[in-house]
Amino acid sequence: MKVNIRGDKVTVTKSIKEYVNEKLSRLDKYFENPKEIECKVLIKVKNQDQSIEVTVPTSKFTLRAEERHQDLYAATDLVIDKLEGQIRKNKARLDKKYHDIPKFEMNFDFEALEDELTNSKIVKRKDMDMKPMDEEEAMIQIELLNHDFFVFKNIDEDCISVLYKRKDGSYGIINVK
């Protein structure tokens, strides 16, 4: 896998690069041609925590994980475990959807764990009336409901919007046109 490592407020040393490359090589077995996959790694420092964000774009989807820890090497281990877990957990879905597609990057010759297969189902469904509102009212609603996201009809943008809480406590918005 080609790895592009970038540091934000941190110098990426040779030993960090070697460690990240070594750990990312664990993911090679999940790809048909890992040398053609380009992985982006962003290492950041905020207060005492160091975070690592790994993005692996493929032709059909993007794998992404982020972890924070006081030790960068521990954060690296955690993020690789998370990515590997995402692949293993979604193996059946990916295999079913993309198995017959020519030149698809994934290699499906690995075992998915049994408990990972049983947890992938919709357990609750809600119907709701969508009241038109502005972004301020949506922020009030997200706080009153104590949810991480809120879907609403955005009167300012004239579209459906998803308001979500970010890890840093601020908000993000996705507009669906």
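Good morning. I begin with the largest pocket of this predicted model, where strand S3 gives the most to the lining, with four residues. The volume of this pocket is about 400 Å³. Its lining consists of 18 residues, and those nearest the centre are Lys44, Glu66, Arg68, Arg166 and Lys167. Four elements each give two or more residues to that lining: strand S2 (38–46), strand S3 (49–57), strand S4 (62–69) and strand S7 (159–165). What is the chemical character of the lining of the largest pocket? By class, 14 of the residues are charged, two are polar and two are nonpolar.

Let me turn to the second largest pocket. The space in this pocket comes to about 220 Å³. Lys126, Met128, Leu145, His147, Asp148, Phe149, Phe150 and Val151 line the second largest pocket. Here strand S6, residues 149–154, gives the most, with three residues. The lining of the second largest pocket divides into five nonpolar residues, one polar residue and two charged residues.

Met128, one of the residues that line the second largest pocket, also belongs to a nonpolar patch on the surface. The other members of that patch are Met130, Ile160, Ile174 and Val176, and together the five have about 420 Å² of accessible area. Where does Met130 lie in the chain? Met130 is found in the loop between helix H4 (114–118) and strand S5 (132–133). Its relative accessibility is 34%, and Met130 therefore counts as partly exposed.

Next, two loop residues with notable backbone angles. Asn47 sits in the loop between S2 and S3. Its phi is near 55 degrees, a positive value in a residue other than glycine. Is Asn47 buried or exposed? Because its relative accessibility is 70%, Asn47 counts as exposed. Asp158 is in the loop between S6 and S7. For Asp158, phi is likewise positive, near 55 degrees, and this residue too is other than glycine. Asp158 has a relative accessibility of 67%, so it counts as exposed.

I close with the chain as a whole. How many helices and strands does the protein chain contain? There are five helices and eight strands. Along the sequence, these elements follow the pattern β-α-β-β-β-α-α-α-β-α-β-β-β. The protein chain has 177 residues, of which 34% count as buried.

To recapitulate the two pockets: the lining of the largest pocket includes 14 charged residues, whereas that of the second largest pocket includes five nonpolar residues. Thank you for your attention.

Conventions
Residues are numbered from 1 along each chain as its sequence is written. This is a predicted model: local features need pLDDT of at least 70, side-chain atom pairs count only at pLDDT 80 or more; totals for chains, interfaces and linings use all residues. Side-chain values use heavy atoms; hydrogens and water are left out. Patches are made of residues with over 30% relative accessible area and no salt bridge: like charges are joined within 9 Å, nonpolar side chains (Val, Leu, Ile, Met, Phe, Trp, Tyr) within 5 Å. Accessible areas come from the Shrake-Rupley method with a 1.4 Å probe; for residues, only the protein chains shown count as cover. A salt bridge is a side-chain nitrogen of Lys or Arg within 4 Å of a carboxyl oxygen of Asp or Glu. Buried means under 20% relative accessible area, exposed over 50%, partly exposed in between (1.4 Å probe, protein chains only). On a 1 Å grid over the protein atoms alone, a cavity is a set of points where a 1.4 Å probe fits but cannot get out, and a pocket is an open set with protein on both sides within 12 Å along at least five of seven lines; lining residues have an atom within 4 Å of a point. Grid points are joined across faces, edges and corners, and a volume is the space filled by probe spheres set on the points. Ala, Val, Leu, Ile, Met, Phe, Trp, Tyr, Cys and Pro count as nonpolar, Asp, Glu, Lys and Arg as charged, and the others, Gly among them, as polar.
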